[in-house]
Amino acid sequence: MEQYKQEFIEFMVDCNVLRFGEFTLKSGRKSPFFMNAGLYVTGAQLEKLGEYYAKAIHDNYGDDFDVLFGPAYKGIPLSVATTMAYHRLYGKEAKDHGDAGILLGSPIKDGDKVVIIEDVTTSGKSIEETFPIIQAQGDVTIKGLMVSLNRMERGKGEKSALVEIQEKYGFPANAIV
């Protein structure tokens, strides 16, 4: 495991974002852990979170993208923090977007290559809502999805949600850890 991935797990625990115990998820499933990205509450935490996303995106997609798209609501600060960190670490100026019924930031245009970023994917429902919004903006290529944590949860069928996303939409779905 890459060093930053181990550090990220420790960071989530230190920020009280990743908790262990017995939890019932929205899906009704039981889980031995729970992750809530809404608990990153300080500027220092968001700055560090952006760095972890930037490193994972760089490892998985390099610089071959134009837009970081974070669906509302948690995806908006994720896209801003990640864009800032990516620029600082790699010198690339990516556009950032969030979705609140309309696109925020500069519009996505034909030819753009998009990386979607989310806090966590459990069932894939958010991507079902986000994918058409992005596709409606023009002839864009979705390079992939990056989430903080792969819950390894079953999607709508027997496979994990991230595998189902890859198969259904034809782009890679990755997690920092």
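A crossing of two helices is right-handed if the near helix is turned clockwise from the far one by less than a right angle, and left-handed if anticlockwise. By that rule, helices H4 and H5 cross in a right-handed sense. This is a predicted model, and its helix pairs and main pocket are taken in turn below.

Start with confidence. The mean pLDDT of the protein chain is 89. A score of at least 70 is reached by 95% of the residues. Among the elements, helix H2 (residues 43-61) has the highest mean, 96. Strand E4 (residues 95-99) has the lowest, 71.

Now the helix packing. H2 takes part in two of the pairs described here, one with H1 and one with H3. Helix H1 spans residues 3-14, and its axis comes within 11 Å of that of H2. The two axes cross at roughly 150°. Angles over 145 degrees count as roughly antiparallel, so H1 is roughly antiparallel to H2. Their crossing is left-handed.

Helix H3 (residues 75-90) meets H2 with the axes 7 Å apart. The packing angle is about 65°. H2 and H3 are therefore roughly perpendicular to each other. This crossing is right-handed.

Return to H4 and H5. Helix H5 covers residues 161-169, and its axis lies 11 Å from that of H4. The angle between them is about 30°. Angles under 35 degrees count as roughly parallel, so H4 is roughly parallel to H5.

H4 also leads to the largest pocket. Helix H4 (125-135) supplies at least two residues of the pocket lining. Strand E2 (30-35) and strand E5 (113-121) each do so too. E5 gives the largest share, 5 residues.

The pocket holds about 760 Å³ of space. Its lining has 23 residues. Which of them lie nearest the centre? They are Lys26, Asp119, Val120, Thr122 and Ser126. Asp119 and Val120 fall within the range of E5, 113-121, and Ser126 within that of H4, 125-135. The chemistry of the lining is mixed: 8 residues are nonpolar, 8 are polar and 7 are charged.

Methods. Residues numbered from 1 in each chain as written. Predicted model: local features only at pLDDT ≥ 70, side-chain atom pairs only at ≥ 80, totals over all residues. Heavy atoms only, no water. 1 Å grid on protein atoms, 1.4 Å probe; cavity = no way out; pocket = protein on both sides within 12 Å on 5 of 7 lines; lining within 4 Å. Points joined across faces, edges and corners; volume = space filled by probe spheres on them. Helix = DSSP H or I, 4+ residues; strand = E, 2+ residues; numbered from the N terminus. Nonpolar A, V, L, I, M, F, W, Y, C, P; charged D, E, K, R; others polar. pLDDT = per-residue confidence, 0-100. Axes fitted to C-alpha atoms, helices over the stretch in contact; angles between N-to-C directions. Parallel < 35°, antiparallel > 145°, perpendicular 65-115°, else oblique.
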